[in-house]
Structures are given as C-alpha cells and as structure tokens.
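Hi,

Here is the structure I promised to pass on. Have a look at it first, and then read my notes underneath.

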Amino acid sequence: MNNPWKFLTAMVILTTLLSALVGCGAQPPAQPVEPAAEATEAPAPAAAPTEEAAEKEVVLHTNLGAEPASIDPNLAQDTFAINSLEGMFLGLTNINNVTAEIEPELATRWEVSEDGLVWTFYMRDDVTWTDGNPVTAHDIEYSVKRAIRPETASPYAYVLYIIKEAQVINQTDVSSDTYDIDTLGVKALDDYTVQFTLEAPASYFLAISSLWTLRPVPQWTIEEYGKDWTEPGNVVSNGPYMLKEWKYGEHLTFVKNPDYYAADNVQIDRVEVDIITDQFTEVALYESGELDIAGDGPGTLPSEEIARIKADPVLSQELHEGPRASTTYVGFTMTKPPFDDPLVRKAFSAAIDRETMVRDVVGSGVPATQFAPVGIFGAPDPEVGIETDLEQAKAWLAEAGYPNGEGFPTVTYRYFASSLEEALGEALQAMWKETLNVDVNLESQEWPVFIAGINPETPLGEMPEMWRLGWGADYPDENNWVYEVFHCTASTNYSRAECTEADESAQQAALETDSEKRKELYEQVEALMFGEEVRAAPYYHRGYTILAKPYVQRSYPTFAPVNWDTWRVEK
Amino acid sequence: MLRVIVRRLLWFLPVFCLVTGITFVTMHSLPGGPFDKEKTPPALVEQMEAVFGLDRPLHEQYLTWLGNVVRLRFGPSLASRGRPVESFLLPGLSVSAQLGMWAMLFGLLIGLPAGIVAALGHGTWLDHGATFVAILGVSIPAIVLGPLLYWLFGLELGWLPVAKWAELSDGIVPYFKHALLPAITLGAGISAMLARLTRASLLQVLHEDYIRVAHAKGLAPRVVTTRHALRNALIPVVTYLGPLTAAVLTGSLVVEQIFAIPGMGRYFVTSISSRDYPTVMAVVVIYSVIIVAANLGVDIVYVFLDPRRRDAS
Amino acid sequence: MSSSTHADATQADSAQSDLDLSSAPRRTRGLWRDTARYLLHDPLVVACVLYIATLVVVSVFPDTIAPLSYEQTSFRDKLLSPGSIATSEKLAGHRFLLGSDRLGRDILSRLVYGTRVSIAVAFIGSAVSFLIGVGYGLVSGYSSARIDNLMMRLVDVVYGYPTLILVILLQVYLTGISQQEAGQTTGLQRVVIGLDNRTGGLFFVFVAVGAVSWLNMARLTRGQVMHFRDQEFVQAAYAVGVPDRLILWRHLLPNVLGPCIVAGTLAIPTYIYTEAFLSFIGLGVQPPMPSWGGMISKGYGAMRSAPHLIFPPALALFLTMLAFNFLGDAVRDAMDPRIRHR
C-alpha cells in the first residue's frame, strides 16, 4: 500500500463492507421495488383483484403514535394496540365511539335472566375467519378461557372478574388440584349461542361484552404458531381489515378484508399506519402531505402547534376538537398530614384554575370537577365536585389553620416525565403558590419508578403528598371509574382512602339493575368522593385535537378505538 | 500479528462479562418493572413477570441470558410481550449502520482533503479558512446543527423531507433525500475533527528530518508529499477511527431522535425507561462489540501502515 | 516546589533535548509567562477569555442578572415573540427580550440560569479529570508493571462501553435509586440526595460526567510518566533515595502537567456537550431548572410555531463550545514552543 489514496479507498470499502454486513443480516435484499412516486398516486397492486382493476385504490395515511405492545386481543392493553386490532377482530357487541351506545356486532340479540346473572348472546352465522372457517361461539368460549388462564398472563384479565369463578381461576396455580378452567362461567350452547354466568348481577356486563379482551380468537392458529400467531402471514382475523405488514418501529399496513361480511360498506382499501412518537414530527408530516390525519394517537397536539394551527386560515379549518372519555387528576395521599384534613384537600382542588389549564397550558380538553366525564353511563350532568374558586380556596386553607399559607409545610407533587406533565406540574405549582401561598416541590420521575413509588405498599414517609394520575375509559360505565379506580378495597386505592358511604354506594350501584337508581347512586358517589372527601382533584377531561385533510370523511371518537371501516376518503 | 489479534479477542471475554454483568445488575436493581401500569393489579403483574422468568434469582437469569447470547439470541422483548429482540433491533441496526456509514464517508471526504490542503498551504488564506471552518465544525453539536438543518431545509425551504427514513428499495432519490440531512448532521463534526487531526499530523511530519532529507535528495515535491509525508501523517488519523466509531454510534442516538429515524439508538433510551431488560442488554452488547471490532480493525490497519510494527511482528 | 528539583528537571531535560525532539514542552520559569503573553497577544483569544469570564460572572450571579426568576410563569403571556411586552397584570411592563415559553416564562432569564449548569459542568468535569485522572495516571505509570497493567485494564473495561451509554446508564441508575430511597435513607446518602434535589438533579449529572472524564486524562498522564520515568533526572532522584511520593509530586507531576492542561482545556467542550446531550434526551437536570440542552429539546419540535424557543439556547451552546475550543487550541499552540516560535 504505497499510495495514501489507495489506503483511503480501502478504508471506505472496509466501512462499507462492515455496514453492508450488518445490513444484509437484517434485511432480505430482494424487495419488490415500488414506484418512486407518492404511494397514494400508485396504481393498485394485486391487492384488490375482485373489483374493477382500473379503479384507484383508496389509501389512508395515519399515525398511531407508538408501537402496539401486542395486538393479541387477549393481551392487548395500550391504546395503540386497541386501535390496531379494532379493524381486525369483531366483538360480540360494539361501542359506538361517538354516542357510547352499545350496538350489535357478532351478536344480533341477547337475553338476561331474571336474576341478572345469566347472559345469553345469539350470534350471526355469516361471519368467517380469513382462512374460511366460520366464526362460532366456541371461539368466544376459547378466547375467554384463554384470557383467564394464569399462564396467558393477560394484563386485562381483571375486567373479566365479574364472570363466575374468573378471579379464582386466574389466581390459582395451574398445577394445583383445585384448578379447573371448565368451572368458568362461559359456555357455547351451540355453534352460534354463547352463555355467560356472572358472579353478581351487573348491568354493565353488556359494555364489557364489547371489550377486546373477550373477542373471539382462532384456536387453531394460536396452537400452530404460539405467540407469533399475530405476525403478518400467520394471523387469521375476521374484521373489515387484515394485517398485511408490520415493520417494527416504522409502520403497519392494513388492507381491506374482501370476505368481511359487510365488505361492500368499506370504502378505504388500505390503511398505512405510521409509528411516529414525536407529535411535532407528526404535524410536520401532515403538513407536508405524508399523513392524511394527525392526532389520532392518545395524546393531544402540543399547545405550541395548536396556537399556530388556530391562527392559520387553512389549517384551522382542518382542526377538529372535542372531548375524550379520559380524565387527569391530582391525587392526594389522604393519610399524610397536612393532607389528612379534607379542608386542605378542598383548598388545593379549588385553587386549580381549570379554565387556564385547559386553554393555556394543555391547549385542549374540558375543565373537570368530577371524575367520569359526561357521556359515560351514570356520570352526573351537570358535573358535581369542587369548582375553581380562589377566594373559597383561601378560606378553606385558613379554616384548616393555615391563613395565607402561614405555617404550611413544603409539600411534594410528583408526576412522570413527559413534556405535557412537566408543563402541568409547573402550572399547578405556580397556581398553588399564587392563590394559597404554599410552596410545592416538583418531582419528576420516569414512569416505572413513578408508578412503583405510589403504590399502597410504599411506606408513608416515601409517599409524595400529591401526585398525578389519570384514567381513560375501558367501557362507558361509571363502574369502570369510581368503583374500579377509587373503591377503598376493590381498587388499588392509591389515595389510601378509608371505606365510607361512598364506597358502599359504588358497590351497590354495580349490583343495581334499575338504571335510574344506578344514576342516582353514582351522582352521590361522585359528589362524595370529589366534593366532600376530595380523594382527588380531577381538573380536566382530556380532549382530542385531530387534524384531518378535507377529503377525509370520518367520525371523531370520544371513545377509544377508531373505526376505519366507517370512514371515507374522497379525493 | 495473529497473536496480537488472538490476545485482543481473548481479552475481550472478561471485559464482555464485566460490562454486561454490571449493566444487568444495574438494570434489574432499578425501581419499577416492565409490567407496572396504573391499570394492572399487582397480582397480574406478578403473573406476567413469572411468564418471563423475572421471578428467578438474578444470577440464574444472567446465566440464562449469557447462554442465549452465545447462540446469538437476545431473548424476548418485554415491552412487546415476547417478540425476539433481534427481530426489530437488527433492522434498526441496519438503518443506524447506513446512517453511520454515510456520516463517516462525508467526514472522510470533506475532512481529509481539507486537512491536507490546509497543511500544505500552511499559513495561507486556504489554511486559515479551513482551520476556521473546522473549529466551527467541532463546536457545533448535533443537537444544534440537526434542528438548524431541519428548520432550514426541511421546514423553511421545503427541499428535503422532515422525518423518517427510506429504504434503498424505495428508489435512489428518496433514499438520499432522507439520508442527506441526518448524515450531514452526524458527519459535520467528524469531518471537522478529521481535518484538524490531518492538518496537525501532516504539519508535524513535514518538519521531520526524513522529509528534509527527501527534499535534499532532490525528489519532486509531489512525490515527497504523497509518498513520504502523507502516509506517515495518516497514522494518527487511522488510530482516531476507533474512537470515531464510538462517537458515530452515540451521535446517531440524537440524530435519530431529531429526524424520527427508525434506527437502533432510540430503542436504547426507551428500553431503559420501559425496563425492557433484554433490549437494553442487546444494545449494550452490540455497541461494545462494534467498538471492540473497530479498535481491533484499527490496530490491524495500523500494523500495515507502520513498517516498524510490521517488521516487529 | 523547591528550586533545586526544578533545576534538576531543566538540566536533565536540556541534556537530552538533542536526542528527543518530540519530548513534551520543557518547563522553565519563563514558560508560563511566555504562554500567557503569547495567549493575550491574540485578539480572538482575548475575546474568548472575555466571553467565558462573562459566562462565569453570569453563572455566579444569575439572580442579579436575570430579569425574572426561571420559574416565574405567566399563562397570559405564553409564547410571546422576542421584544413583546407582558399583557398580564402581575408582570405589567415587563419586556420579554427573547420572548416567552409555553408557560409564559422569560426565555432570557432561563438562558441566564442555564448558563450556570453549563459552566458548572465544565468546571466539575475538569476538576474530576485532574484530581482523579492525573492522580490515577501518575500512580499507574510509576507503579510496577503488574499494578500498572491491572490499573490500565480497569480503564480498558470502562472504555469498552461507549461513553455516552455509560453516562446514560449511570444517570438513570443514580436518579432511580435516589428517588426510591429518598424517604428512608440516613446520613451521607440523605446529604447526597438532598444536594441533588437542591441543585435540580445537577449533582448526579456531575457524577456521571466525572465518571468518564478522567479516563482520557489517566491514559495521557500514564504515557507521559512512562516517558519521563526512565530519564536521568528521575533515575538520579531515585538513586539518591528520594521517596516515591516525592518523586511523583515534585519531579514527575510538574513535567506532565503541561500536556495535561492542554488536554484538559480541549476536553471542556465535551463535558458541556455531555450535559446538554443528557438534558436533550430528558435525563439531565430536573425541571423546572433550565439547562441549554433541555431548552433546545423543548424548542426543536416547535420550530415552526415558536422558533424563538430554540435559537437562544442553541446559539449560546454553540458559542460557548466555540470559545472553549478556541481557547484550547490557543493554549496548545502557546505551550508548544515549536509552533510558537515558528
């Protein structure tokens, strides 16, 4: 090697080879070459040969916001996964994600026994899996049992605990003698009739029947591929869309299922879902035309962008805002002085300027004084709870023995690291300082540390006085809110509240079959928990802020999953 | 020569065990686990931990992990319910490697000639100009340059895409359009560093006695420069390529975040905060191996470049 | 240091200067003065020194210099462009010279307080690299081959890690552990955690930066010591029975200090960048404490809506790194007599 340039060339080749080596190991080199033009303009490939080939393929480009952890219905947990699997797997019933009504899906009708314990669903017989097998009641029985089996380790098994023996089986060692999955309260009476037996009467079971956790799954595919059964190529589904490609960390591709029983009503042929976590990038891609929709993930667009979008004559027309069934609150450690005094908690709740929070800090959403937003069954309308009242807040704090904050110790508000939570924490700190003249320390922790640090086993000395949590609906019923989140024994009870009349009413409401009486009970519970005892200070219901191109006709869901099959793209 | 390589590789084994062992213990002793969610009751969390063997003693878990790594398996990712780590990390690594390669190439193509020109024209305006640009280059970090380029070419001028990565199969033009800004962001510092190093090294060599001798012998200046000076001047530059690889690896972490590129770097931070132990371990292993390999490669090239070493071995 | 040992060094050094042209700069009385004179001759260097001095002053007295506190929020005044006057009552008349952020906080004030973080990291990084790095290198280079080997292998192990990855792991670990144990610890731990809380998480950033900053210095010092160890003046001292401690302190240290200072100055931008990088990916100082890296990270997404969020901290970071790089180069040139006299 007597020439430096030769050496240089050698180095370049060396680095290239190294990188190529890595590259080759990971990616099969031969990939079908797609035309360089924008994918939306591309002529339809062989995906939809049944229709007239000349017709243009209708494509929607959207973003999920993050990687779904698992799209296995029995295991799914995060919003990203629920949005992804919504198009693939049908439920017994479906929640209308705008009105929150329960509608028929696989089940065309259902019956409840006199005592409210036995639910029978009658299913339609014209639905098939993508491999041609019919979708039957046995698939549902299999799915429910699979979700409850301890070895499945489903994170959502607890929503099914209302089914007879479910909790016992789920918490029993598989090898023990008492373990018997067949005692579970689910049974396929024939191919198209499935019957559930409950632990106690629960009128909200109809809402539960729409949840992804108990949607039918294909036993034969799961047994063939094991945990890889949801991979593209393996997966067998039954909904309007099929998973075609999943490039981890990049995007998912869904194509229309031609054998879907209502395929004629589905207009969009292909849905390209990006996985862009940064919302600024999402908006930039929307504006450059690479996305048709921005903001369908669980978050809200950043307030900086909302301000600009609202000032822009074109973009402001494409912005859609509305409420989501989701609430953010300040939790209080009710056993830790000075927050053992309800007056202090009332003062801190009343001192939160909810209007400012929603308008200036978050940029979207609705001020909240109660936990469950209006629209959830049983949520009081108008809202109950403690309203923002700065003078009253001062008075309450004075009544508690701290006039103008004098003598009040420095307390801690803890939240998990995120840009929005940081802004909210800093805003809360400033509001409490200004109104109550108290010093609040901010503590930001990464999520796992945060959530592990406020559980009921944490010694009181290590607990912050206040912390941030939130809740999003799994199904549209107050039971999912006040009972499953704040009940003194049935929930995690982060606030460490003692059992009171409110908990009794919440339990009673769960068993009550008369819907008017239930509503009354829940109104009491909300008023007690957040107006009198102040176990937490709900301060805003999160909202959606979605940018959608004018050619996208769609619904804007208050309620979790998006339904692409009902949307249209008219270019 | 071979002995050197074998010794270096043997030395790598204890280092590897130490590095991975420390990371393993560190990660597992962090508070919070991968399945802690506000909605999941503790009993169900324990159930999931048992499914992934997280309830076993730590040393047992480590040994299992080590056994798997030897067979090139990094285990199931906890954040995605058991998807094998390599199934998404390798495509990410491929993207990161491409990005790193373009950045290095950019650095070499700009940095080396600039350094040589500056040294040969020592004291002239060319030298001053190149030196000045180089010091600007080493002073502008990726977290400043990246957003600046993104803003200028992506947002204001709209010439280049603002995010994501294209595969080569998407076409040459989209590929380079996507790769250009990230590669420059990552490569600018490298080229400046290389230019400074090349210039300093060449300047030093040009004043060595043997160069004076060569000139005195009446050799053509061009021959002296290329055959005698440049070759020796490049030795320190080559040794710098090892640490440079490390800089590119960690630099890509930020660049991937700024330009929303699906590379390996971003998995590192997210997997730490989601307590996805196998993914964290895999990234650390891959980084360590690349750095060791780069240093070893540098050592080998070094021997070839330096006749004294070649004779010695 | 006594003048006699100093003379030893100079003599020994000059005696062999003919043999070894590439030896490190000789330390004579005049060297420091020459260096300083050479440095102050260059207007650019003077500008850099003045700029850095300003930063130091700003970081020592941020309360006096910043118009507002870094956590003073004013929601009515959010995202104002530079030069706007506050519209809210509580800040009536205040002019946001560099604009305000999404909580209506004064960017200029946050920039001023952010200076403190960068400058502190620069000094702590240097201090640790000198105290630990030089010490470690001295001992390693002067010890028997076996101990030297052992010590250097340890450095190699840490080197097997990419530096930033190590810093990230360390930072996550320290904060994670400290947050978990905040309530129950006693004594020293409580002091350390308290210190970290009061400095907004800065203390653990120091530890993380310090943990890697000494490595290079240790290698460099060891190399230098190896070089000088076998030279006559050291051998002579050893022969007349000067204790090892004194040989290290009086004979070797002064000789290796020059290159170490050069390397130390050149490494300062790295420390500043490490902190900025950590804050950029959200692992640095804790909010609401501002840091340039953190401000850049908040601003880069919002570039179209509010470009004034990112440009001030980005420019500040760039200029500071530039100033330290210039200074480092100048110090290196000044301490290298061959370049200086050319």
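How many residues does helix α3 of chain B have, and how far does the helix reach from its first C-alpha to its last? Before I get to that, please keep in mind that this is a predicted model. The helix, residues 58–70, has 13 residues and reaches 18 Å, which is close to the 18 Å expected at 1.5 Å a residue. Just after α3(B) comes B:Leu72, with a positive phi of about 60°.

Now over to chain A. DSSP-style bookkeeping gives it 16 helices and 19 strands. The radius of gyration is 26 Å, close to the 25 Å from the globule rule for 571 residues, so chain A is as compact as a globular protein of that length. If you want a feel for its extent, the C-alpha atoms fill a box of roughly 80 × 75 × 50 Å along the principal axes. Of the 571 residues in chain A, 54% are buried. As for its contacts with a separation of 6 or more, 68% are between residues 24 or more positions apart.

One strand you might want to click on is β10 of chain A, residues 270–274. This strand is mostly covered, with 5 of its 5 residues buried. In a regular strand, side chains alternate between the two faces of the sheet. Here, A:Arg270, A:Glu272 and A:Asp274 point one way from β10(A), while A:Val271 and A:Val273 point the other way, and all are buried.

Which strands does β10(A) pair with, and in what sense? With β1 (residues 59–63) of chain A the pairing is parallel, over 5 bridges, and A:Asn63 has A:Asp274 as its bridge partner in β10(A). With β9 (residues 251–256) of chain A the pairing is antiparallel, over 5 bridges. There, the bridge partner of A:Thr253 in β10(A) is A:Glu272.

Next, the nonpolar core. The largest one has 351 residues, and A:Leu160 and A:Val482 have the most contacts inside it. Helix α4 (residues 85–120) of chain B brings the largest share of this core, 19 residues. Leaving out residues up to four places away in sequence, A:Val482 touches A:Phe371, A:Ala372, A:Ala506, A:Tyr522, A:Val525, A:Glu526 and A:Met529.

Is A:Lys433 buried, partly exposed or exposed? This residue is found in helix α12 (residues 419–436) of chain A. A:Lys433 has 16 other C-beta atoms within 10 Å, so it counts as partly exposed; a buried residue would need 20 or more, and an exposed one would have 12 or fewer. Beyond its neighbours within four places in sequence, A:Lys433 is in contact with A:Val438, A:Asp439 and A:Val440. The C-alpha atoms of A:Lys433 and A:Tyr522 are separated by 34 Å, with the two residues 89 apart along the chain.

Last, a word on where chains C and A meet. In this interface, 23 residues of chain C are in contact with 26 residues of chain A. On the chain C side, α7 (163–181) and α12 (292–301) each supply at least two residues. The helix that gives the most to that side is α7(C), with 3 residues. By type, the chain C residues that touch chain A divide into 8 nonpolar, 10 polar and 5 charged.

Have fun looking around!

Terms used
Residues are numbered from 1 along each chain as its sequence is written. Chains are lettered from A and ligands numbered from 1 in the order in which they are written. This is a predicted model: local features need pLDDT of at least 70, side-chain atom pairs count only at pLDDT 80 or more; totals for chains, interfaces and linings use all residues. Helices (H or I, at least four residues) and strands (E, at least two) are DSSP runs, numbered from the N terminus. The expected span of a helix is 1.5 Å times one less than its number of residues. Two residues are in contact if their C-beta atoms, placed from the backbone, lie within 7 Å. Ala, Val, Leu, Ile, Met, Phe, Trp, Tyr, Cys and Pro count as nonpolar, Asp, Glu, Lys and Arg as charged, and the others, Gly among them, as polar. The radius of gyration is taken over C-alpha atoms; the globule rule is 2.2 Å times the number of residues to the power 0.38. Two strands pair if DSSP finds at least two bridges between them. A nonpolar core is a set of buried Ala, Val, Leu, Ile, Met, Phe, Trp, Tyr and Cys residues joined through C-beta atoms within 7 Å.
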